[in-house]
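Me: I have a structure open and want to go through some of its local features. Can you take short questions as they come?

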Amino acid sequence: MATNTMLASSAFINSFLLFSKVDNLHYEKFADGTLKAVEVPFDIPESWEWVRFSKIVSNIFAGGDRPEICTENETPITQIPIYSNGAKNDGLYGYTDAPRVTEKSLTISGRGTIGYSSIRNSPFVPIVRLIVIQTNEKFIGLEFLKYFFDCILPTGQGTSIPQLTVPMLKDYFVALPPINEQLRLVKIIEQFFPKINTYAQNYNQLELINKTFPDKLRKSILQYAMQGKLVPQDPNDEPVEILLEKIRSEKLRLYETGKLKKKDLQETVIYKAEDNSYYQQDGENTVKIDVPFEIPQNWKWIKLRDLSQLVTDGTHKTPAYTENGIPFLSVQNISSGKFTFQRIKYISKTEHEILKKRVLPQKDDILFCRIGTLGKALKNTLDFEYSIFVSLGLVRLIDNSIVDFIIEVINSPVGTNWIDEVKVGGGTHTYKINLRDIPNFLLPVPPKSEQERIIRSISMLTQEINSLKAVK
C-alpha cells in the first residue's frame, strides 16, 4: 500500500499504519519491529491507511462523577455545560462553574443511547460513561472521525453491546484517508444533510401515517355506519318501531315479574318536528335538544336506558385479593378492547357471593371502561363467573340480538364524542364517566335488518384493516 505522505512525516506514519503484503493480507507492525496478521473490516483505497484508533488520538477518557456544584439551568455562576450519556437534549445534564475539558472534542455515549456522538467546541464537563476524544487535527479531523464512528457504532438503546468503554474504542480500526480528502468527504457529507433531514422528516411522517391510518380508517368507517352511509337502506326492512315495540313488551313482562321497577317503564321519545328541530319528551315534559348529526328517516334516536334492563358498575370497595379463586376484573382487563388476563386478580368465593348481589355479569352483557381508559366496549363472551370493579360499567340490553350494533355505536366517534362531553376529572384526577350519565347516552338506531348488514360490513372491513396492519 502506498505511503501516505499527506498525513505527516514518515516517522509518524510508520508508528501506526498496517502493512499490506504481497499475499494481500494486512499486518500490524509493533514497536519491536514484529508483524502480526490482522483482519480489517473492508477494503479501502490505496491512498488510505488502516490504523488502530489508540495510535491517532491525543487523549481519550471517560467522564467522572457529577460536580459538587451543579444547577439544572444556566446561572451567572454556573455557565459551563455538563454532558452525560444519551441523545436527549444532546446529552445536556446541567451546568457548573468550572470546565474539565477546554479543547475541541468528540464525545461518544458509552451507555444509554450507545454510540451517540457530538462535537463539542466549547469548554464542558463530561460525566458518567461519556467518552471524550481529542486528536491532532493535522492528521485526523474530529468531524471525519465522528462520521466514521456514526457508521460503525450501534446507536440506540438495547444494542448488541451492553456499553462502550475506552479500551473498546482504542482497539477499533479506523480507515484513515489523507487529511485533505477527509476535509472533502466531510464537506460532501454535510451537503447531503439537509436532504437527509428532509427525507427523515418525510419518512417519520409516513411511518406515523402508516401507524395511525388503520385506526383512523376504522373510526371513519364506524362514523359512516352510524350516519346510515355505510350500507344502503332497504324500504322492505321491518321498521325500527317494530323493534322498539318488542322491547317495550319485554320491559313490561320484566316489570310484571318483579325484575324491573315502574320507573323503568317510562320511555323517552325523541322526534323531529315540522320545524326540523329535534325534541325530547319525558312524560309530560318536552324540551328541544341537539342531536349529533342527521340520520335516515327510518332510523331513531334512542336513549340507552330505553334499550336496557340494567345499567350499573362493579363494587366500589376494593376487595381482599386471594392467590386463586373467583376472577375479579377491572379496567386493565378490557382496556385493550379485548379480554386480557395477564394481571388477573382473584377474590374468595365468599366475597364473590356478596358482590354478585350487586351485579353478576351474564353472557352478552356489554362491559366498558368508565374510569381511566374510557370506552372500549366489548361483549361478555366468558363462560365462567367473575366479579367486576367500579372501573367497569355494565349494560344489559332488553334484546341481546342488537348487542353487537350497540357496542359498535359506543366504540364509534358517536361514543367517543359523548364520552368527551360527559367525562369528569382531569389534571390530578382520573377521568371517569359518572354512572348516572350512562343511561342518557343518545344512540342512532336503524331497523334490525340494517343493523345486521352494518355489522357484516364492519366485520369485513375490519378484516381488511387488520391485514393492512399485518403487512406493516
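**Loops, sheets and pockets**

Me: Where does Asn434 sit?
Reply: This is a predicted model. In it, Asn434 is in the loop between β26 (429–432) and β27 (442–445).

Me: Is Asn434 buried or exposed there?
Reply: Asn434 counts as buried because its relative accessibility is 14%, and buried means under 20%.

Me: What is Asn434 in contact with?
Reply: Leaving aside neighbours within four places in sequence, Asn434 is in contact with Arg370 and Val424.

Me: And β27, which way do its side chains go?
Reply: Leu442 and Pro444 point one way from β27, while Leu443 and Val445 point the other way. All of these are buried.

Me: Which strand is β27 joined to?
Reply: Strand β16 (residues 300–303) is joined to β27 by four bridges, and the two run antiparallel. Within that pairing, Lys300 has Val445 of β27 as its bridge partner.

Me: Change of topic. Ser122, where is that?
Reply: Ser122 is in the loop between β9 (117–120) and β10 (125–126).

Me: How accessible is Ser122?
Reply: Ser122 has 48% relative accessibility, so it counts as partly exposed.

Me: How far is Ser122 from Thr102?
Reply: Their C-alpha atoms are separated by 6.7 Å, with Ser122 and Thr102 lying 20 residues apart along the chain.

Me: Sheets next. What is the strand order in the one with β14?
Reply: The order is β13-β14-β15, an open sheet of three strands with antiparallel pairing. β13 (268–272) and β15 (285–289) are at the edges with a single partner strand each, so one side of each has no neighbour in the sheet. From one strand to the next, the twist averages 25 degrees.

Me: How many bridges between β13 and β14?
Reply: Five bridges, in the antiparallel sense, pair β13 with strand β14 (residues 278–282). As for individual positions, Ile270 stands opposite Gln280 in β14.

Me: What holds strands together in general?
Reply: Strands of a sheet pair through backbone hydrogen bonds, in either a parallel or an antiparallel way.

Me: What about the sheet with β18, what order does that have?
Reply: That one is an open sheet of four strands in the order β18-β20-β19-β23, and its pairing is mixed. The edges are β18 (321–322) and β23 (387–388); each has a single partner strand, so one side of each is left without a neighbour in the sheet.

Me: Do β19 and β23 run parallel or antiparallel?
Reply: Strand β19 (residues 326–329) and β23 run parallel, joined by two bridges. Phe328 stands opposite Ser387 in β23.

Me: Now pockets. What volume does the largest pocket have?
Reply: The largest pocket has a volume of about 910 Å³. Its lining has 30 residues, and the closest to the centre are Arg218, Gly337, Lys376, Ala377 and Asn411.

Me: Which elements build that lining?
Reply: Those giving two or more residues are α5 (179–226), β22 (375–379), α8 (403–411), α9 (413–422) and α10 (448–471). The largest share comes from α10, with seven residues.

Me: What classes of residue line the largest pocket?
Reply: Eleven nonpolar, ten polar and nine charged residues line the largest pocket.

Me: α8 was on that list. How many of its residues are buried?
Reply: Seven of the nine residues of α8 are buried, so to speak of it as mostly covered is fair. The buried ones are Val403, Phe405, Ile406, Ile407, Glu408, Val409 and Ile410.

Me: And the second largest pocket, what is its volume?
Reply: The second largest pocket holds about 610 Å³ of space. It is lined by 27 residues, with Leu260, Asp264, Gln309, Leu310 and Val311 nearest its centre.

Me: Which strand gives the most to that lining?
Reply: β17 gives the most to the lining of the second largest pocket, four residues. β17 (308–313) and β24 (392–397) each supply at least two. By class, this lining has eight nonpolar, six polar and 13 charged residues.

Me: Last one. How many cavities of 30 Å³ or more?
Reply: The count is one cavity of 30 Å³ or more, and about 60 Å³ of space lies in the largest cavity.

Me: What lines the largest cavity?
Reply: Its lining residues are Leu304, Phe368, Val395, Ile410, Trp418, Ile419, Ile438 and Phe441. By class, that is eight nonpolar, no polar and no charged residues.

Technical notes:
Residues are numbered from 1 along each chain as its sequence is written. This is a predicted model: local features need pLDDT of at least 70, side-chain atom pairs count only at pLDDT 80 or more; totals for chains, interfaces and linings use all residues. Side-chain values use heavy atoms; hydrogens and water are left out. Buried means under 20% relative accessible area, exposed over 50%, partly exposed in between (1.4 Å probe, protein chains only). Contact means heavy atoms within 4.5 Å. On a 1 Å grid over the protein atoms alone, a cavity is a set of points where a 1.4 Å probe fits but cannot get out, and a pocket is an open set with protein on both sides within 12 Å along at least five of seven lines; lining residues have an atom within 4 Å of a point. Grid points are joined across faces, edges and corners, and a volume is the space filled by probe spheres set on the points. Ala, Val, Leu, Ile, Met, Phe, Trp, Tyr, Cys and Pro count as nonpolar, Asp, Glu, Lys and Arg as charged, and the others, Gly among them, as polar. Two strands pair if DSSP finds at least two bridges between them. Axes are lines fitted to C-alpha atoms, for helices over the stretch in contact, and angles run from 0 to 180 degrees between N-to-C directions.
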